[in-house]
Amino acid sequence: AGRCLDCARMCSLCVSVCPNLAFMTYETERLDARLPLLTARDRSVVAGATRRFTVAQALQVAVLTDFCNECGNCTTFCPTAGAPHRDKPRLYRSAEAFEAERDNAYALGLRVERWAMRARVAGETHEIEIDEGGRVLYRTPAMTAVLEARTLDLVSAELTKGAADRASLSLLPCATMYVLLDGVRRSLPHLPAMRWS
């Protein structure tokens, strides 16, 4: 117990051992939200039971992929036997490199002066932006949704035109992007953002 690193509170060991300075620690607010499970039925989105989404650790880590050469140093030193260069959110500055990824790819952006983020999830591109009223606008190939920032309470959701009914539609990518976007824009303001129309 005397040698415990207390990783559940803060680790960031990968940040200190990366020879390329690819890892960054960012600060985020704690969050305990209930995300409804959504189903696409009869051309509408139906909210069902909720799933808990919690961010208990205020300090998080992300990887700036432009600097990461996947040398494995972070894996060697990870006290939880993880592979941080693959496990942590991977931020991309190149649109081409971002689109080439299937999962765990994120791009920070500005859309008409609003903060936005894109993510690659199971081969699809998802996007959020924060509007002037502090709401989170979430777009996927299958649906659009509006959530309250800070609580992630669902305001509305509808199927995208031409989208087929699905057994389930998840708000988990939206919640993950929101936490990452909110933390990075507040604690790492020096990171360049892509401009989207």
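Which residues lie nearest the centre of the second largest pocket? Keep that one in mind while we walk through this predicted model, starting from a single threonine and working outwards.

Let's begin at Thr65, which sits in the loop between strand E4 (59–64) and helix H2 (73–77). Despite that loop address, Thr65 counts as buried, because its relative accessibility is 12% and the cut-off for buried is under 20%. If you skip residues up to four places away in sequence, the residues that Thr65 touches are Arg90, Leu91 and Tyr92.

Leu91 is a good one to follow next. Setting aside neighbours within four places in sequence, Leu91 is in contact with Thr65 and also with Ala62, Val63, Leu64 and Asp66. Its other contacts are Met24, Tyr106, Met117, Leu180, Val184 and Leu191. Leu91 also belongs to the largest nonpolar core, a set of 40 residues, where it is listed with Met117, Ile128, Tyr138 and Leu152 as having the most contacts inside the core. Helix H5 (residues 172–187) gives the most to this core, supplying 8 residues. Apart from it there is another core, this one of 8 residues, including Val61, Val63, Cys68 and Cys74. Val63, then, is part of that other core while being in contact with Leu91.

Now for the empty space. Rolling a probe the size of a water molecule over the atoms shows where such space is left. The largest pocket has a volume of about 250 Å³. It is lined by 20 residues, and those closest to its centre are Cys11, Ser12, Cys78, Thr80 and Lys88. Helix H1 (13–17), E4, H2 and helix H3 (84–87) are the elements that give two or more residues to this lining, with E4 providing the largest share at 3 residues. Sorted by class, the lining comes out as 13 nonpolar, 5 polar and 2 charged residues.

That brings us back to the opening question. The second largest pocket holds about 210 Å³ of space, and the residues nearest its centre are Tyr26, Phe53, Val55, Gln60 and Val179, out of 13 that line it. At least two lining residues come from each of strand E3 (44–55), E4 and H5. By class, this lining has 8 nonpolar, 4 polar and 1 charged residues.

If you're browsing the model, E4 is a handy thread to pull: the loop holding Thr65 lies between E4 and H2, and E4 gives residues to the lining of the largest pocket as well as to that of the second largest.

Methods
Residues numbered from 1 in each chain as written. Predicted model: local features only at pLDDT ≥ 70, side-chain atom pairs only at ≥ 80, totals over all residues. Heavy atoms only, no water. Helix = DSSP H or I, 4+ residues; strand = E, 2+ residues; numbered from the N terminus. Buried < 20%, exposed > 50% of the residue type's maximum accessible area, 1.4 Å probe, protein only. Contact = heavy atoms within 4.5 Å. Core = buried A, V, L, I, M, F, W, Y, C linked by side-chain atoms within 4.5 Å. 1 Å grid on protein atoms, 1.4 Å probe; cavity = no way out; pocket = protein on both sides within 12 Å on 5 of 7 lines; lining within 4 Å. Points joined across faces, edges and corners; volume = space filled by probe spheres on them. Nonpolar A, V, L, I, M, F, W, Y, C, P; charged D, E, K, R; others polar.
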